[in-house]
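Welcome, and take a moment to look at the model before reading on. The report below walks through it step by step.

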Amino acid sequence: REKLFLQMAIVIQRNMRRKIGRSKAAEKMTNVQCRKKKESAAICIQKNGRGMIHRKRAHAVRQNEIMQLVLGSSVSLTQRAWRGYKGRMAALLERRTEATEKLQRVSRGHFG
């Protein structure tokens, strides 16, 4: 009878230790899974954050390039217009000068 109680105690201890071991293993698995989820969530957040930063940077670079193109063409267009205006004014002044000289020659009696 004592042997039977001893065997029953051993079976009960074995089952309790098995249950405790399984619960500890399940807890560890839950912790590992939770840690993996947290790590993957952190990686996902970092990835999306870096993507957002790089997209903003690329957008700024594109905007800068566009502004340089626009301003560059605006500057050259303005310069071209100004130089054309200056040239036309110089030609007009020269024609007026020639006409004035002709008038003066005629009025002073130096035909030519």
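Arg 96 sits in helix H1, where helices (H or I, at least four residues) and strands (E, at least two) are DSSP runs numbered from the N terminus. With a relative accessibility of 54%, Arg 96 counts as exposed; here buried means under 20% relative accessible area, exposed means over 50%, and partly exposed lies in between (1.4 Å probe, protein chains only). From Arg 96 to Phe 5 there are 91 residues in sequence and 134 Å in space, C-alpha to C-alpha.

A word on the background: this is a predicted model, in which local features need pLDDT of at least 70 and side-chain atom pairs count only at pLDDT 80 or more, while totals for chains, interfaces and linings use all residues. Residues are numbered from 1 along each chain as its sequence is written, and side-chain values use heavy atoms, with hydrogens and water left out.

Now for the overall picture. The protein has one helix and zero strands. Its radius of gyration is 47 Å, well over the 13 Å that the globule rule gives for 112 residues, so the protein is more spread out than a compact globule. That radius is taken over C-alpha atoms, and the globule rule is 2.2 Å times the number of residues to the power 0.38. Along the principal axes, the C-alpha atoms fill a box of roughly 160 × 10 × 5 Å.

Helix H1 covers residues 2-108. H1 has 107 residues and spans 156 Å from its first C-alpha to its last, close to the 159 Å expected at 1.5 Å a residue; the expected span is 1.5 Å times one less than the number of residues. Just after H1, Gly 109 adopts a positive phi of about 90°.

How much of the protein counts as buried? Of its 112 residues, 0% do. The protein exposes about 10800 Å², and carbon and sulfur atoms supply 61% of that area. Accessible areas come from the Shrake-Rupley method with a 1.4 Å probe, and for residues only the protein chains shown count as cover.

Back at Phe 5, this residue of H1 is partly exposed, with a relative accessible area of 47%. Phe 5 joins Leu 4 and Met 8 in a nonpolar surface patch of about 310 Å². Patches are made of residues with over 30% relative accessible area and no salt bridge (a side-chain nitrogen of Lys or Arg within 4 Å of a carboxyl oxygen of Asp or Glu); like charges are joined within 9 Å, and nonpolar side chains (Val, Leu, Ile, Met, Phe, Trp, Tyr) within 5 Å.

Some further C-alpha separations are set out here.

| Pair | Apart in sequence | Apart in space |
|---|---|---|
| Ser 74 and Ile 12 | 62 residues | 91 Å |
| Ser 23 and Ala 90 | 67 residues | 98 Å |
| Ile 12 and His 110 | 98 residues | 141 Å |

Ser 23 belongs to H1 and is partly exposed at 42% relative accessibility. Ser 74 also lies in H1, and its relative accessible area of 31% makes it partly exposed. Ile 12 is found in H1 too, and at 53% relative accessibility Ile 12 counts as exposed.
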